[in-house]
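Visitor: Please take me through one part of this model at close range. I would like the cross-link first, then whatever surrounds it.

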Amino acid sequence: MLPQEQTLTSTKNKDNNKMPIRSSLLTTAVLLTAILSLAGCASKRDVDDFKVRVEDTFHTSIKGNGIKLFTYKVKYAELPTLEQPHMQRVRQIERMKRSGSKKRSVYAPDLTRWTEQIELGLEKTIDMTGYCREGYLELSRIIEVGRGEIRGECNDGATDADISKFANK
């Protein structure tokens, strides 16, 4: 009975040395984790992932009590041709028909990718300017085809450096 237990709890590696199954499972788990981590990094969105080019503005406002507010506005840099939105709309209607989705009106535009682009632009702008170092609270959001606006308040208060750099720009 002892030899059978030995074969269940160990295996031989390429050098014909006995290796516990646990270590081979651990090795497999570590490799799988590393691969999934790399795949997660590779799927992170970048500004170049979006086809539509935009113009954006970032306005700041620092109140007397140190509250930091901002308004981020985005619009299409150039209007898409009529053919592009029409074909996107046709494909969207076909997808909705195939999926049997009745939740959204066939005439309501899908703003998912446009919203992602606006959110990414805001994230990059805040990172580049360093305006909200500790994150922000979203106060309002308007997202429509071709334009968007997000207003927010920073979680951190204004320092003297913030006041001199961002004073109501």
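**The disulfide and its surroundings**

Guide: The link of C132 and C154 is left-handed, with -60° about the S-S bond. C132 sits in the loop between α4 (112–129) and β5 (136–144), and C154 in strand β6 (residues 147–154), so the bond ties together parts that are 22 residues apart in sequence. The model is predicted. In it, the S to S distance of C132 and C154 is 2.0 Å. The count of disulfides comes to one.

Is C132 buried or exposed? C132 counts as buried, because its relative accessibility is 7% and the cut-off for buried is under 20%. C154 is buried too, with a relative accessible area of 5%.

Now the strands. β6, which holds C154, pairs with β5 in the antiparallel sense over eight bridges. Within that pairing, L137 has E153 of β6 as its bridge partner. β5 and β6 form a hairpin with two residues between the strands. There, G146 takes a positive phi near 90°.

β6 also pairs with β4. Seven bridges join the two, and they run antiparallel. Y72 has I150 of β6 as its bridge partner.

β4 in turn is joined to strand β3 (residues 54–62) by nine bridges, again antiparallel. I62 stands opposite K68 in β4. The hairpin of β3 and β4 has five residues between the strands. G66, in that turn, has a positive phi of about 90°.

Next, the helix before the loop of C132. α4 has 18 residues, which at 1.5 Å a residue should span 26 Å. The end C-alpha atoms of α4 are 26 Å apart, so the expected span and the model agree. Which strands do the buried residues of α4 pack against? They pack against β3, β4, β5 and β6. The buried residues of α4 are W114, T115, Q117, I118, L120, G121, L122, T125 and I126. An α-helix has 3.6 residues a turn, so residues three or four places apart point the same way. Just after α4, G130 takes a positive phi of about 75°.

The aromatic rings come next. The whole structure holds five aromatic pairs. A pair of aromatic rings is described by the distance of the centres and the angle of the planes. For F70 and Y136, the ring centres are 5.2 Å apart and the planes lie at 85°, so this pair is edge-to-face. F70 lies in strand β4 (residues 68–76) and Y136 in strand β5, so the ring pair ties together parts that are 66 residues apart in sequence. F70 counts as buried, at 2% relative accessibility. Y136 counts as partly exposed, at 33%.

Ring pairs link F70 and Y136 into a cluster with F58, Y131 and F166. Y131 also has a charge over its ring. K68 lies over the face of Y131, at 5.1 Å from the ring centre. K68 is the residue that I62 stands opposite in the strand pairing.

To put the part together: the disulfide joins C132 to C154. β6 pairs with β5 over eight bridges and with β4 over seven. The buried residues of α4 pack against β3, β4, β5 and β6. Ring pairs link F58, F70, Y131, Y136 and F166.

Definitions and conventions. Residues numbered from 1 in each chain as written. Predicted model: local features only at pLDDT ≥ 70, side-chain atom pairs only at ≥ 80, totals over all residues. Heavy atoms only, no water. Disulfide = S-S within 2.5 Å. Helix = DSSP H or I, 4+ residues; strand = E, 2+ residues; numbered from the N terminus. Buried < 20%, exposed > 50% of the residue type's maximum accessible area, 1.4 Å probe, protein only. Phe/Tyr/Trp six-rings, centres within 6.5 Å; stacked < 30°, edge-to-face > 60°. Lys NZ or Arg CZ within 6 Å of the ring centre and 35° of its normal. Pairing = 2+ DSSP bridges. Expected span 1.5 Å × (residues − 1). Contact = heavy atoms within 4.5 Å.
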